[in-house]
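Me: I have a model open and would like to talk through how it is put together. Could we start with the helix packing and then move on to the strands?

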Amino acid sequence: MKIALVGYGKMGHMIKNCALSLGHEVVATIDVISDDADIKVSAGDGQAVARAVKSSGADGVIEFSHPTAVLGNINALLPLGIPIVVGTTGWNSKFDEVSKLASDCGGTIMTSSNFSIGVNMLYKIIEEAVKIMEPWQEYDISTWEMHHNQKADSPSGTALEIAKRILKNTNKKTEMVVDAFHEKPKPEQLHVSSTRCGAVPGTHTVFFDSPADTIEITHTARSREGFALGAVHALERLCDGLKTGRLVKGKLYGMQDLF
Ligand SMILES: NC(=O)c1ccc[n+]([C@@H]2O[C@H](COP(=O)([O-])OP(=O)(O)OC[C@H]3O[C@@H](n4cnc5c(N)ncnc54)[C@H](O)[C@@H]3O)[C@@H](O)[C@H]2O)c1
């Protein structure tokens with residue numbers, strides 16, 4: 001596959017290495033400041049990004065840039081009709097708008113706030129575990145995450161997604177609590193707690209606890225490479241899905257559509 005990379009920062013570089021190691025060709029790296037990018041564009045010039053992608057002859061695009069740039073890039077790239085995988089975060093509120101644009105112009109896009117294959121498996125495993133646990137009132141549920149001390153937000157987007165999926169599959173919990181408790185928690189409150197320490201790339205655990213035992217389901221990331229690998233696999237499967245007819249053009253897909 002010929003891949004164009006939009007955004008050639010930390011993730012862009014890792015994605016290039018992963019793509020090459022999986023036998024793909026990276027036909028263009030496009031960025032606003034990165035010194036070693038093939039093509040430089042002005043910040044906010046989505047049309048220049050689209051022109052660069054088109055002239056590269058790419059079969060697919062992977063976009064990991066900046067929350068302020070991502071929508072302009074998507075709007076300009078979608079009409080090209082080339083499948084796009086978007087890892088840049090911070091535009092969830094625009095999903096409906098982008099879905100409509102995809103359907104109007106026939107472009108296809110896949111996005112996820114976490115492209116790690118393992119984390120996406122974890123989501124499914126947790127959903128099943130919560131369903132299994134549902135009839136057993138002894139089992140309480142909580143979730144915890146740990147990240148490096150440079151992370152600016154807490155809880156992580158992944159922890160919030162885990163909590164969302166727990167709440168969707170149980171009647172035991174109806175409310176997420178991300179702050180410290182200053183009184184006894186109510187049974188229906190789902191505690192989502194965070195620790196920041198050192199260089200930890202990301203650990204997420206769900207606890208199912210009864211008076212007799214604890215079940216812990218943990219995902220431990222070793223590096224950010226898992227995101228890069230997942231993004232390349234997402235583009236491969238998006239292109240394959242369109243070829244076989246399992247996926248159709250003109251849609252906004254999520255990673256869950258691959259599991
Ligand atoms: N979905 C996931 O799994 C996942 C994983 C890791 C990071 N991310 C997200 O990916 C994004 C990039 O992360 P990063 O660590 O590579 O950041 P980074 O700052 O290292 O790199 C971003 C690059 O994008 C470039 N850029 C900015 N505006 C641009 C534009 N208009 N066109 C082209 N390039 C532009 C910047 O110059 C920079 O080189 C962030 O939003 C981050 O949160 C998502």
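Reply: Bear in mind throughout that this is a predicted model. Helix H2 (residues 46-56) packs with helix H3 (residues 70-77), with an angle of about 50° between them and their axes 8 Å apart.

Me: How are H2 and H3 oriented to each other, then?

Reply: They count as oblique, because an angle of about 50° falls outside the ranges for roughly parallel (under 35 degrees), roughly perpendicular (65 to 115) and roughly antiparallel (over 145). The crossing of H2 and H3 is right-handed.

Me: Which residues make the contact?

Reply: On the H2 side, the contact is made by Gly46, Gln47, Val49, Ala50 and Val53, and on the H3 side by Gly72, Asn73, Ala76 and Leu77. By type, the residues of this contact of H2 with H3 divide into 5 nonpolar and 4 polar, with no charged residue.

Me: OK, over to the strands. What order do they take in the open sheet?

Reply: The open sheet is formed by 7 strands in the order E3-E2-E1-E4-E5-E6-E12, and the pairing is parallel. Strand E3 (39-40) and strand E12 (252-254) are the edge strands, each of which pairs on one side only.

Me: And how many bridges link E1 and E2?

Reply: Strand E1 (residues 2-6) and strand E2 (residues 25-31) pair in the parallel sense over 5 bridges, and Ile3 has Val26 in E2 as its bridge partner.

Me: Where do I find an antiparallel pair?

Reply: Look at strand E10 (residues 203-209) and strand E11 (residues 214-220), which run antiparallel and are joined by 7 bridges. E10 and E11 form a hairpin, with 4 residues between them, and in this pairing Phe207 stands opposite Glu216 of E11.

Me: Different topic: which residues does the cis peptide bond join?

Reply: The cis bond joins Ser154 and Pro155, with omega at about -10°. Pro155 itself is found in the loop between strand E7 (140-147) and helix H6 (157-169). As background, most peptide bonds are trans.

Me: Last one, on the whole chain: how many helices and strands are there, and what is the radius of gyration?

Reply: The secondary structure of the protein chain comes to 7 helices and 12 strands. Its radius of gyration is 20 Å, which agrees with the value near 18 Å that a compact globule of 259 residues would have. Along the principal axes, the C-alpha trace of the protein chain spans about 65 × 40 × 30 Å.

Definitions and conventions
Residues numbered from 1 in each chain as written. Predicted model: local features only at pLDDT ≥ 70, side-chain atom pairs only at ≥ 80, totals over all residues. Heavy atoms only, no water. Pairing = 2+ DSSP bridges. Helix = DSSP H or I, 4+ residues; strand = E, 2+ residues; numbered from the N terminus. Axes fitted to C-alpha atoms, helices over the stretch in contact; angles between N-to-C directions. Left-handed = near helix turned anticlockwise from the far one by under 90°. Contact = heavy atoms within 4.5 Å. Nonpolar A, V, L, I, M, F, W, Y, C, P; charged D, E, K, R; others polar. Rg over C-alpha atoms; globule rule 2.2 N^0.38 Å.
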